Amino acid sequence: MHTQSDFLLNLAWLIPLFPFLAFVAIPLGVYHNRKLSHSLAIGGIAIACALSLFFVFPRAVWLWARDGRLAYESPLIHWLSAGHERFGLGIYIDPATAIMLFMVPLVCLMIFIYSVGYMNFGTPQVDPRYSRFFAYISLFATGMLGMVVFNNLLTFFIFWEIMGTCSYLLIGFWYEKNYPDPKKITPRQAGLKAFIVTKIGDLFFMLGLALLYAEVGSLAYRDIFDPKTLEHLAHTPFLGTNMATVIALLLFGGTVGKSAQFPLHVWLPDAMEGPTPVSALIHAATMVSAGVFLVVRTFPLLQVADSSVLALGGIPFVALIGAFTAIFASVMAIAQDDVKGVLAFSTISQLGYMVAALGIGAYVAGAFHLITHAFFKALLFLSSGSVIHGMEHGHHHVHHGGHEGHKGEGHAGHEGHQEKWFNPNDMMNMGGLGKRMPRTFLAFLIGGLALAGFPIITAGFWSKDEILAQAWSGNQVVFWILAVAAGLTAFYTARQLCLTFAGEPRTEAAKHAPESVSSMTTPLLILAAFAICIGWVGIPDNVFNLDLPHALGVKYINWFHHFVGSTLEAAHGGEHSLRVTGHLAEAVHGFDWAPMLIGTGFGLTGLLLGYLVYGLKPLRAGEMDRLEAAMRKLYLGWLYKAMENRFYFDWLYRNTFVWASLRLAEVCDWFDYGQTPGKHGVVDGIVVACGWLGRLLSTVFNWFDLYIVDGLVNLVGRLGRLLSVGLDIFDLQVVDGIVNGIGAALKFIGREMLRPIQSGRVQFYLLVAAITALVLVAALFITLYLPEHLLQPLLLGLLALVILLAFYFILQSRKTETDKTE
Amino acid sequence: MYFPILSVTLFAPLVGALLILTIPREDVKTIRRLGTAFAFISLILASIVWIGVVRAGAGTMQYEENYPWIPAFNIHYYLGVDGLSAPMVWLTALLTTLSLFYSARTIQERVKEYYFLFLVLEWSMLGVFLSLDLVLFYIFWEIELVPMFLLIGVWGGKNRLYAAIKFFLYTMVGSVAMLLAIIGVYFQTDPHTFNILEAAAAQPFRGTVWANVAFWAFFIAFAIKVPAFPFHTWLPDAHTEAPTAGSVILAGILLKLGAYGIIRIVLPMFPEPFKYFVLDSPIIPVMAIASIVYGALVCMAQWDLKRLIAYSSVAHMGYVTLGLCTAAAAYGLGRLEGVDFNAAASAVNGAAFQMFAHGIITGGLFFLVGIIYERAHTRDLKAFGGLASQIPYYYGIMMVTGFASLGLPGLAGFWSEFFVFRGTVHFIPLAAFIGVLGVVFTAAYILWKVVQHVFLGELDKERWGKLTDMEWWEKVTMWPLVFIMVFLGFYPAPLLDSFNAAITTILQNLP
């Protein structure tokens, strides 16, 4: 731990600030100026990007190279208190943070720039909520960057949820959109679904946090990853296992929700209803991988957790979920026709890869794949966005004969109420786009090859290989699952590439699809460069059994591994000595040919098969998907249908959890009060019954009162009357005389002395009374608090004032009286 | 002896109310200005008080004023504030000011009576938060019913009389038991006292069955006010029928009186019975959990926007009860040292934070319901749709407030839930594991029921095409609330430190 405050690293405070300022400024001031709005948003993220790429990240690397490890915590500012404990907020930079600070702002910046073109800036079809879009994505960038830089899990959670909110808002960005097919989910429903499903994961996350916070008394990384704390947690029994395990699994619940792992994966495919830059930014590169980053961040906890809890067949729970998701989602991806749908399932599957890696202890490999995947998946999504954009314009061109005659209608391509609804996302409508959109095709190709793990040149190869290598020595079952998934991944990638770009156009729209503007294609090419080069930082230093560092004379050839690998040592304060059983450990291994060959073999086979099925003889218009046709012949049509329909999980959840909640809500409402006027449910019914009981009692008492009590009273009264006759004479003569006398005296005073101040208005009397009261209270205070020698003159003065005021009022009322009489 | 700022703060609204009586009823403008001005004066005074309290440490009673009132029964006029009551006093003044400011444009009938009653209402609410004498507390507690009864009964909706009477009687029933318990406490202390702090230190009825009786007498009175399941059915009626500002005060302050009573009186005075009914026979945690989960479910079934938000108060106030249960559980388990103490304090902090945050958030929601009802003349969720494009400003404000209500981190509502769960999961884990479900249902009813039905989807141009966005006075009403939600969401320290200091003292003083 560096105790010294470091100026350059402290700049990290400002990284989330600038996008936040853009978010605040856009709705408050510049909403109507589109250009200024996107300039602010891009400017905000550009400054953040510059700060992190030029100052924070290099400084972090430099410090790490100097000291061999890095865990910097800035000076803290007071933030929370509970009992005697104080919780400070600060910046925390370690290698895991640093690589995120490299990747996130860069990808964000690319996508921000791309959005300008995608949202049709400067054309008649510009989105009517253009500025709002940039405000939302700026807030999102704040969330992602804020999540990374701060020093504790609580801010992590806060920004995590802010991202979730942005995700909700952006998925439902075209909230008025309806589809002719009522079964197709609308953007607003998709947003809601995403929010609720991830919220379920977040519940676990929040409980885990609460548990950890209560047990440790802090959520700062410095405190919770302290070896003593970890040991304490691992030895505190809780719910049949130990506290560390429960907390780690609860936190993992957050990952399952956010990273769309089985069984909470259902929200991500529908999240594609949002604009494509959003899919790239939030639902591929950053937010969904935040779930994986959570596991990276809290890895020390997972390490001390008992990995046999909830394990199946020797596979730890986390790896199990990850591996299953990886293969399960890649199977579904094969049968998707939506160009973004394929990518969505691919994202789920790749996230499963990372989770599986972390689950078997391959900490660095998981983090590495997170970074490479962010680049090539963002690239793929943006390319698909470019394709969709081209298709929309092509369709528009066909149906409106160019852009004229449609001005002011706004985002025409996005609305579903046109002649016959045309789905620009459907790959069956595409084909032959390679020639029409060459730059997009190139970008898509590079992204696709990286995703498929094409050997040596792509980034995806190196990171995937590292995971497979770790799995090979860590857990053979996981290895084989992941290897098969790699094959499937390559297959659907080839299918997608062929369906989209190869052969002849299958529709008029595809025939007229233009290449996108350069503000869209430039970010594509930059990301494409990263999708290749970023893998080089993680080339194993003993590949081909050569001692590469020695051979090339470069100190850190497998730089990524050394850099990120030092995170854990740093967190443990350098002395990694945990006396706990059953914890995960990264397999220490030499370079092994087998996993690399097997993995590459699966990948290349998948690519080749895909090409043979879809590429050799491209699909013609109206032709059925080849795989579907083949499976039908083998009486497996139902399986293809199931894959296409996502194995009916949406249907299942809708008819169990959603249905049950709604019915339960109705039952509760009925039980409570209900909404039929004049009727009451059980709970309120009891109250109403009590009311009736009260009334009944009062009726009974009333009767008792009238006939019994009153009867007695009347009896007494009669007796009294008899007595009173005798006293009558005394009363009339003596008592009345005195009363009348006083009355006459008062009348005299009133008539002669007080009349002048009677204006006849009640308000006036009250005003006088109020003023008098105020004066009295003031006098009281004055007598109580003033020194003696000031008292007398002040009192005299006040008295004079009151008298003057009284005179004034008297004169005033006289005047009004005379006015009235005149 | 220094300036009696508490008395001045307390009586400023009453002076304003009396002054209003002196203005002719036709002079509506002056009445409105004067009323709002006096509420604002008390807001300034309350700010001064709060700052002073925080500066002085907030852990002990400040600005105490203690004069014998009825010496024969040792009844005192005893006022004082600490870090717990000062923010509530401030919240009362703030919401009253905003309510009166907002009402200036919406209340056209019987303006004079309205402003008079509102200021009397403020006076009595301030009195509850400031009193440290049980009799004084009780008197203010009862006085506050009258203006609210009239506000609902006179300016309310269609079914106002029923709602007003239900509200009045229901709360009255609770208070009667409380009065008896107060007298019991008096005779059980030696020397006989109504002083809340002294009585808490004396632990009346300790070790006897009567402790349970007295505990329930207090607790039911407060639980009705909170309201905790199953004593909540007066609330949907009262809230739905009350005029907008009335609902704001009802949700924003009146419910908090009950919660405040539990923290200030029940927890310190009767920790033994409290822990018994939390741990040994867990009636109160069940009430809290039911309020949270069941309340949220009932919300999901509502179709009247105002009624939905009314029910959301039941659900949200459940967190307050749950947080206090946790403190009692910590006490009962004898775990009030070190990390455990901090967790328990955190739970009570969460409860207190919820009192404040819910006041701000739900107050804001009721304003927003009023704003849309003024224009649309309906609150039926099925009637709306697609309004986001028609009234974007309103949509923006509603989104922030709605997200705050569902406990989104980064907005004020999150802290209360999180702090409460932090404590609860430590001492009564089962309650936390069930209660957390309420969070999902809350998200569902806010986003699905409110946001989706009102704002999203296609706009019915014919019906809503002429709907106007928020006017400047409505914006002015909402902005302070939105600002507080966001500010506290990111930086809760100013409020939290104040609560924490007072609550640490309360917990440390438990026997």
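The exercises below work through selected features of a predicted two-chain model, each with a stepwise solution.

**Exercise 1. Two hairpins**

Determine which strands of chain B and of chain A pair in the antiparallel sense, and find in each hairpin the residue with a positive phi.

Solution. Begin with chain B, where strand S1 (residues 62–70) and strand S2 (residues 75–81) pair in the antiparallel sense over six bridges. At one of these positions, Ile70(B) has Ile75(B) in S2(B) as its bridge partner. Four residues lie between the strands of this hairpin, and Asn74(B) takes a positive phi near 60°.

Turn next to chain A, in which strand S2 (residues 77–82) and strand S3 (residues 85–89) run antiparallel and are joined by five bridges. Within this pair, Gly88(A) in S3(A) stands opposite His78(A). The hairpin of S2(A) and S3(A) has two residues between its strands, and the turn residue Gly83(A) has a positive phi of about 60°.

**Exercise 2. The contact between the chains**

State how many residues each chain gives to the contact, and then describe the side of chain A by element and by residue class.

Solution. The counts come to 47 residues from chain A and 56 residues from chain B. On the side of chain A that touches chain B, the elements that give two or more residues are S2, helix H6 (153–171), helix H7 (187–216), helix H29 (649–672), helix H30 (682–754) and helix H31 (762–785). The most is given by H7(A), with 13 residues. Sorted by class, the residues of this side of chain A comprise 28 nonpolar, ten polar and nine charged.

**Exercise 3. A helix pair in chain B**

Describe how helix H14 and helix H18 of chain B pack, giving the angle, the distance between the axes and the handedness of the crossing.

Solution. Helix H14 (residues 305–332) and helix H18 (residues 412–427) of chain B pack at an angle of about 35°, and their axes are 9 Å apart. The crossing of H14(B) and H18(B) is left-handed. To see which residues meet, take from H14(B) Tyr319(B), Leu322(B), Gly323(B), Thr326(B), Ala329(B) and Ala330(B), and set against them Ser416(B), Glu417(B), Val420(B), Gly423(B), Thr424(B) and Phe427(B) of H18(B). The residues of this contact divide into six nonpolar, five polar and one charged.

**Exercise 4. The length of a helix**

Check whether the end-to-end distance of helix H15 of chain A agrees with its number of residues, and say how many of its residues are buried.

Solution. Helix H15 (residues 317–334) of chain A has 18 residues, so at 1.5 Å a residue it should span 26 Å. The C-alpha atoms at its ends are 26 Å apart, which agrees with that expectation. As for covering, 16 of the 18 residues of H15(A) are buried.

**Exercise 5. Unusual backbone positions**

Locate the cis peptide bonds that precede Pro227(B) and Pro230(B), and classify Arg646(A) and Phe647(A) as buried or partly exposed.

Solution. A cis peptide bond joins Val226(B) to Pro227(B), with omega about -10°, and another joins Phe229(B) to Pro230(B), with omega about 0°. Pro227(B) lies in the loop between helix H9 (209–225) and helix H10 (234–241) of chain B, and Pro230(B) is also found between H9 and H10.

In chain A, Arg646(A) is not a glycine, yet has a positive phi of about 60°, and Phe647(A), likewise not a glycine, has one of about 55°. Arg646(A) is found in the loop between helix H28 (637–644) and H29 of chain A, as is Phe647(A). Arg646(A) counts as buried because 21 other C-beta atoms lie within 10 Å, whereas Phe647(A), with 14 C-beta neighbours inside 10 Å, is partly exposed.

Note on methods:
Residues are numbered from 1 along each chain as its sequence is written. Chains are lettered from A and ligands numbered from 1 in the order in which they are written. This is a predicted model: local features need pLDDT of at least 70, side-chain atom pairs count only at pLDDT 80 or more; totals for chains, interfaces and linings use all residues. Two strands pair if DSSP finds at least two bridges between them. Two residues are in contact if their C-beta atoms, placed from the backbone, lie within 7 Å. Ala, Val, Leu, Ile, Met, Phe, Trp, Tyr, Cys and Pro count as nonpolar, Asp, Glu, Lys and Arg as charged, and the others, Gly among them, as polar. Axes are lines fitted to C-alpha atoms, for helices over the stretch in contact, and angles run from 0 to 180 degrees between N-to-C directions. A crossing is left-handed if the near helix is turned anticlockwise from the far one by less than a right angle, and right-handed if clockwise. The expected span of a helix is 1.5 Å times one less than its number of residues. A residue is buried if 20 or more other C-beta atoms lie within 10 Å of its own, exposed if 12 or fewer, and partly exposed in between; C-beta atoms are placed from the backbone.
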